[in-house]
Amino acid sequence: MTRDLTVAEVRLTPILVADPPLLNTQGVHQPYTPRLIVEVVTADGTTGLGETYGDTKYLELARPLAEHLTGRRVTDVNELFALDLAVDESRTGAAVDAGGLRGVQTADKLRLSVLSAFEVACLDAQGKASGLPVHALLGGRVRDSVEYSAYLFYKWAGHPDGVAAEPDDWGAALDPAGVVAQARRFTERHGFTSFKLKGGVFPPEEEIAAVRALAEAFPGRPLRLDPNGAWSVETALKVAGELHDVLEYLEDPTLGTPAMAEVSAATEVPLATNMCVTTFGEIREAFTRDAVQVLLCDHHYWGGLRNTGHLAAICAAFGVGLSMHSNTHLGISLAAMTQVAATVPGLHHACDSHYPWQAEDVLTERIAFTGGRVAVSDAPGLGVELDRDELARLHRRWAEDDGTLRDRDDAAAMRVADPGWRTPAMPRW
Ligand SMILES: O=C([O-])C(=O)C[C@H](O)[C@@H](O)C(=O)[O-]
Ligand SMILES: [Mg+2]
């Protein structure tokens, strides 16, 4: 029997998900963060799932896309990408995307960040309809599990008093001992064997001490430090000099390709980025100037799983290594990340994932890390199932919010504890 893969309905469900007080150079995570869940339902009743950023600007673009896809087929993904989708210019142009820390916010990146969830949902539906896993639709897997690194954050024990929030059991991490304790918890809970510390929070000397403490506690393990561009070229070189013997790579020590190229020319420590190369247009300058040696892909803003494969091929051609970036995300995205990571031959670094920080999810079964790895599902589509009750509960939280949490704003969250806080000018040190 031929199946009818015409899209009968697209459901968009914005939700608010609990998030611990993780610190970064712009501020601190809000107690709840917005995500958007996309469901593409075909005429014969197959449902494909996708997930992306849930802030208002993404929702605004998702609505016309949902209308456009309805009546087309889940196999018409290229046509979706060719759509001339108007982006409100007032939503773009910030020097660095507030809250996201993934480079400059362009209209194209905004569009791709929404399209990616639709692409993933269409691939999930195609896979379910054909009985094939998504990785098979992308050419097949080259590994049966994907390695992730423990994503360490400086962190308060809880959100400020008086702020509605879900408690978490990770404790505080505000100094080297706290960072090491958090890393141990990650290894006990999920078996991770490589570690990334989100830096740019404290003066570089303190973050150097934290990485040194990690190196002592976990000798020989891959370590990364990512201050999200908070340092000058001079500071970046000083940190690289002090940590050269323990770092797998230094991620975005400074902002922009010219400054990264300057650092790169003067250190042997590999530089990685998810800030100066976040679009295809930024590749040529960065790669020809040898500004970065490792690129962090992210299917959300690079425009989906197929674009991630294209990006991997370009990196391979230039001899640039590939790793994977993560913003706060749930299990649908982790499943998609794992499916695409399984297909990329040159993915030699453990991927980032915020998932261990998310106690809530919209799946009937949480995805497990075993020995720091996620097994690649061979079930049809993404191999995950939606928990509708949980989706409804997290959507109610979004619907009942007065608007303050619907757009991620780490600086606003920091001002609750420190009313004088402003997003720091860069470089900060
Ligand atoms: O690797 C990165 O730069 C990130 O993951 C950026 C994120 O937004 C992270 O810093 C965060 O959520 O605080
Ligand atoms: Mg980064």
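**Exercise 1. A histidine in helix α4**

Does H135 count as buried or exposed, judging by its C-beta neighbours inside 10 Å? Work from the coordinates, bearing in mind that this is a predicted model.

Solution.
- Step 1. Place the residue: H135 sits in helix α4.
- Step 2. Count its neighbours: H135 has 25 C-beta neighbours inside 10 Å.
- Step 3. Apply the cut-off: a residue is buried if 20 or more other C-beta atoms lie within 10 Å of its own. H135 therefore counts as buried.
- Step 4. List the contacts, leaving out residues up to four places away in sequence: H135 touches G140, R141, Q339, A342, T343 and V376.
- Step 5. Take one distance to another histidine: 14 Å separate the C-alpha atoms of H135 and H299, which are 164 residues apart along the chain.

**Exercise 2. Two domains and their contact**

Work out how the protein chain is divided into domains, and describe the side of domain 1 that touches domain 2.

Solution.
- Step 1. Set the bounds: domain 1 covers 7-135 + 387-400, and domain 2 covers 141-375.
- Step 2. Find the separation: taken over C-alpha atoms, the centres of domain 1 and domain 2 are 22 Å apart.
- Step 3. Count the residues in contact: domain 1 gives 39 residues and domain 2 gives 50 residues.
- Step 4. Assign the domain 1 side to elements: β1, β2 (23-24), β4, β5, α3, α4 (134-137) and α13 (388-400) supply at least two residues each.
- Step 5. Pick the main contributor: α3 gives the most to this side, with nine residues.
- Step 6. Sort this side by class: 19 residues are nonpolar, eleven are polar and nine are charged.

**Exercise 3. The surroundings of ligand 1**

Which residues come nearest to ligand 1, and which domains supply its shell?

Solution.
- Step 1. Count the shell: twelve residues surround ligand 1, and of these N24, L101, D226, N274 and N327 come nearest.
- Step 2. Sort by class: the shell around ligand 1 has eight polar, two charged and two nonpolar residues.
- Step 3. Trace the domains: domain 1 and domain 2 each contribute at least three residues to the shell around ligand 1.

**Exercise 4. The antiparallel sheet**

Trace the order of the sheet that contains β1, β4 and β5, then find the helices that pack on it.

Solution.
- Step 1. Read the order: three strands form an open sheet, β1-β4-β5, with antiparallel pairing.
- Step 2. Identify the edges: β1 (7-18) and β5 (47-53) are the edge strands, and each pairs on one side only.
- Step 3. Note the twist, which averages 20° from one strand to the next.
- Step 4. Examine one pair: seven bridges join β4 (residues 32-42) to β5. Across this pair, V38 has G50 in β5 as its bridge partner.
- Step 5. Add the helices. Helix α1 (residues 56-69) packs on the sheet and touches β1, β4 and β5, its direction making about 160° with that of β1. Helix α3 (residues 107-130) also packs on the sheet, touching β4 and β5, and its direction makes about 160° with that of β5.

**Exercise 5. The parallel sheet**

Determine the order of the sheet that runs from β7 to β13, and examine strand β12 within it.

Solution.
- Step 1. Read the order: seven strands form an open sheet, β7-β8-β9-β10-β11-β12-β13, with parallel pairing.
- Step 2. Identify the edges: β7 (150-153) and β13 (321-324) each have a single partner strand, so one side of each is left without a neighbour in the sheet.
- Step 3. Note the twist, which averages 25° from one strand to the next.
- Step 4. Examine the pair at β7: four bridges join β7 to β8 (residues 195-198), and Y151 stands opposite K196 in β8.
- Step 5. Move to β11 (residues 271-273), which pairs with β12 over two bridges in the parallel sense. The bridge partner of T273 in β12 is L295.
- Step 6. Sort the side chains of β12 (residues 294-297): V294 and L296 point one way, L295 and C297 point the other way, and all are buried. In a regular strand the side chains alternate between the two faces of the sheet.

**Exercise 6. Backbone exceptions**

Where do D252 and D290 lie, and which residues does a cis peptide bond join?

Solution.
- Step 1. Take D252, in the loop between β10 (247-251) and α8 (257-265). Its phi is near 40°, a positive value in a residue other than glycine. D252 counts as buried because it has 28 C-beta neighbours inside 10 Å.
- Step 2. Take D290, in the loop between α9 (283-288) and β12. D290 has a positive phi of about 55° although it is not a glycine. With 15 other C-beta atoms within 10 Å, D290 is partly exposed.
- Step 3. Find the cis peptide bond: it joins M426 and P427, with omega about -5°. P427 lies in the segment after α14 (410-417).

Key: Residues are numbered from 1 along each chain as its sequence is written. Chains are lettered from A and ligands numbered from 1 in the order in which they are written. This is a predicted model: local features need pLDDT of at least 70, side-chain atom pairs count only at pLDDT 80 or more; totals for chains, interfaces and linings use all residues. Two strands pair if DSSP finds at least two bridges between them. Axes are lines fitted to C-alpha atoms, for helices over the stretch in contact, and angles run from 0 to 180 degrees between N-to-C directions. Two residues are in contact if their C-beta atoms, placed from the backbone, lie within 7 Å. Ala, Val, Leu, Ile, Met, Phe, Trp, Tyr, Cys and Pro count as nonpolar, Asp, Glu, Lys and Arg as charged, and the others, Gly among them, as polar. Domain bounds come from an automatic or database domain assignment. A residue is buried if 20 or more other C-beta atoms lie within 10 Å of its own, exposed if 12 or fewer, and partly exposed in between; C-beta atoms are placed from the backbone.
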